[in-house]
Every structure is written in C-alpha cells, then in structure tokens.
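Visitor: Could you take me through a close look at a single part of this model, step by step, and tell me what surrounds that part?

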Amino acid sequence: MTTTTRTTRTTRTTSAATLLVAAALVTSCSGQEPGAFAPRSDDARAVDTVFWVMVALGAAVFAAVIVLLVLARRGRGDDDDQPTLDRRARRLVIGGGVILPVVILVPLTVVMLVVGARISPSRDAAFEVEVTGHQYWWEVEYPDGTVTANEIHIPVGRPVRLVLRSADVIHSFWVPQLAGKVDMIPGETTELLIEADDPGRYLGQCAEFCGIQHARMRVLVFADRPDDFDAWWAAEAADATPPTSEESERGAIAFAEVGCASCHAVRGTDADGELGPDLTHIASRTTLGAGTVDNDRGHLAGWIANAQGVKPGAHMPPIPLTAQQIQDLLDYLEDLR
C-alpha cells in the first residue's frame with residue numbers, strides 16, 4: 001500500500017468523524033426543547049461544563065491519535081531494521097497507552113469530583129416533592145398531600161428536592177436546563193435538587209427506555225415567582241370545584257357510572273382511584289398524556305373516547321360512551337380548575 005493511499009484513507013476517516021461530531025452538535029443545538037446547552041441553573045451549568053470539558057479532551061485525544069497514526073505510517077520504511085521498529089513501538093505504547101490516558105483522565109476525574117460535590121442532592125432545599133414514574137406519566141405529590149400529574153411547579157430561585165421513585169419499570173428523570181439526569185429504579189429511592197434562575201417553563205423527559213410510549217413521557221417544570229407559586233399551591237391544594245351547570249352535573253354522574261372513578265381521584269368527591277392521574281384540577285394543566293397533546297376540548301374528547309388512538313400503549317382503555325355522555329364529561333372536567 002502506498003503512502004498516498006494510506007494518507008487518503010486517513011483523511012477520509014478524519015473527515016467522516018468530523019462530520020459525525022458536527023451533525024451531533026447541530027442536532028443538539030437545534031433549538032428544540034429540552035435544551036441541554038441552555039442551562040438555567042447552577043447545577044445545569046456545572047453539568048454543561050463537564051460536557052464541554054469532555055468534548056475538549058475527546059477532541060485532543062482524537063487529534064493525538066490521528067497525528068500518531070500518520071507519523072507511524074510515514075516513519076515506517078522498507079529499510080527500517082527491527083530494533084528501530086521496536087523502539088518506535090515502545091514509544092507509542094508508553095505515550096499512547098500510559099502518558100496520554102493519565103494526562104486526560106486525571107483532570108477529567110478532578111472536574112467530575114468537584115462537580116459531583118457541587119450538585120449533591122443532600123444540600124438544603126426549600127421543601128420536597130415526591131415524583132413517581134409510571135408507564136407513561138408522572139405522579140407529583142407535594143408535602144401537604146396535594147397530588148397532581150405531569151407538571152411540577154417550583155418557586156424561582158429556591159432549590160427544591162425531588163424524591164424520585166418508580167411504580168413499575170426503570171425510568172429516568174431529566175430536565176436538562178435545570179439539572180442532570182437521575183434514574184428511577186423500582187424499589188429504590190433517588191433524589192435530585194432542582195432550581196431555576198428565571199421564571200418560565202422547562203421541559204423534561206423520561207431518559208430511560210421504559211416501553212412503547214417512552215418518547216412521549218414528558219414532564220413540565222414551571223418556575224413561578226414566589227407570589228405566583230404560593231397562589232398556585234393554594235389553588236392546587238383545594239378540593240375540586242363543584243359542577244357549575246346541569247351539563248356538568250350530568251358529567252359528574254357519568255364520571256362515576258362509566259368507571260372513571262375507579263382509576264382516577266377527584267378530591268372532594270367519592271372518586272378515589274389510584275391507577276391513573278389525579279384529576280382534581282385537570283383543566284388547569286397545559287397538556288394531556290404527559291405532553292402528548294394540548295389540553296383543549298377537542299383533544300380531551302379524543303382522549304376520553306379512545307386514549308389508544310392518541311397514545312397507543314397507554315394504560316387507559318377505550319371507553320364506550322354516547323356522544324351526549326362525552327359532552328357532559330367534557331363540561332364536568334373543564335370545571336375542574
């Protein structure tokens with residue numbers, strides 16, 4: 001094989017690797033939520049720093065390997081004697097197998113230890129929120145027993161400890177703009193501290209494959225100003241709003257008769273199901289099915305009639321209802337704010 005051919009192959013390999021890295025970075029920075037490269041908390045910035053340190057060190061290793069490969073190929077000639085080749089081989093082994101890993105891994109280990117200590121969940125927090133992962137939604141419980149689903153509200157600028165559990169399979173909680181990723185393992189409890197610098201809505205995602213609808217198991221974290229957070233919590237802790245119309249009253253009756261109450265709870269009523277999300281204030285949520293569709297009357301109607309048509313694999317079965325029952329249920333659920 002000629003030197004030109006070898007150099008050409010090396011150049012092609014380098015170009016392909018560069019294109020792959022560039023494609024990954026462009027995809028990651030496309031502006032689509034969640035945005036790992038737009039941190040909005042100290043912990044998220046620490047994780048972002050670790051990522052870029054790893055990218056820089058990885059690029060240095062890649063460049064060093066390419067340089068050594070080129071030098072090794074160019075330095076080998078037909079007239080080289082065996083002792084000379086052996087010396088070169090030893091230098092490559094020592095340099096590439098001992099010195100280079102030490103130079104790379106020692107600073108990386110130091111950075112990881114510093115960041116790990118910085119983002120420890122054992123730090124002080126304003127309060128705790130219990131988050132339980134289900135296929136394919138999130139149950140959220142506040143210290144006073146207030147339960148909601150798929151949306152977490154926190155006060156801006158105050159750290160909140162999330163106590164994470166799984167009700168079925170392995171899940172992973174990740175809101176990349178606020179904190180790192182933490183696994184949720186059945187039978188185990190893990191913790192994560194989240195905090196937001198600015199008010200806003202931050203999108204999270206289950207980051208461990210958990211079944212057919214893993215990709216549509218999202219969570220929204222709302223960072224509210226302190227007064228807004230206090231008002232939200234007070235409203236969320238209240239019992240369900242009683243029906244406000246004749247249609248809504250019929251919907252409440254249908255809710256109990258068609259079996260909704262056996263799976264869902266509505267505080268302040270006889271509905272105390274535990275299999276599905278708490279619906280006490282469902283009308284105040286922004287999405288249905290853990291971020292699958294917007295929470296509006298049309299999508300809610302489709303979800304009630306046949307959730308499988310909206311999110312195949314969800315644990316809510318189709319419910320045989322008349323058109324009038326669906327409308328009455330919609331009126332009732334839209335009152336639950």
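**Strand 9 and the salt bridges beside it**

Guide: In this predicted model, a good place to begin is the pairing of tryptophan 174 with glutamine 205, its bridge partner in strand 9. That contact belongs to the pairing of strand 6, residues 171-174, with strand 9, where the two strands run in the antiparallel sense and are held by 2 bridges. Strand 9 also pairs with strand 10, residues 218-224, again antiparallel, and here 6 bridges join the two. Within this second pairing, glycine 204 is found opposite valine 219 of strand 10. As for how much of strand 9 is covered, 5 of the 7 residues in the stretch 200-206 are buried, so the strand counts as mostly covered, given that buried means under 20% relative accessible area.

From the strand we can step back to the loop between strand 8 (190-194) and strand 9, where aspartate 197 lies. Aspartate 197 forms a salt bridge with arginine 45, and the closest N and O atoms are 2.7 Å apart. This pair links distant parts of the chain, since arginine 45 sits in helix 2 and the two residues are 152 residues apart. Aspartate 197 is partly exposed, with a relative accessible area of 33%, and arginine 45 is also partly exposed, at 32%.

Arginine 45 has another salt bridge, formed with aspartate 42, where the closest N and O atoms are again 2.7 Å apart. Because aspartate 42 and arginine 45 are 3 residues apart in helix 2, residues 42-75, about one helical turn separates them. Aspartate 42 has a relative accessibility of 44%, and therefore counts as partly exposed. Taken together, Asp42, Arg45 and Asp197 are linked in a network of salt bridges. As a general point, side chains of opposite charge can pair when their charged atoms come close.

For comparison, the structure holds 12 salt bridges, and another one of them is formed by the side chains of aspartate 328 and arginine 250, at 3.0 Å from N to O. This pair, too, links distant parts of the chain, with aspartate 328 in helix 7 (residues 323-334) and arginine 250 in helix 5 (residues 246-257), 78 residues apart. Here aspartate 328 is buried, with a relative accessible area of 6%, whereas arginine 250 is partly exposed, at 32%.

Definitions and conventions: Residues are numbered from 1 along each chain as its sequence is written. This is a predicted model: local features need pLDDT of at least 70, side-chain atom pairs count only at pLDDT 80 or more; totals for chains, interfaces and linings use all residues. Side-chain values use heavy atoms; hydrogens and water are left out. Buried means under 20% relative accessible area, exposed over 50%, partly exposed in between (1.4 Å probe, protein chains only). Helices (H or I, at least four residues) and strands (E, at least two) are DSSP runs, numbered from the N terminus. Two strands pair if DSSP finds at least two bridges between them. A salt bridge is a side-chain nitrogen of Lys or Arg within 4 Å of a carboxyl oxygen of Asp or Glu.
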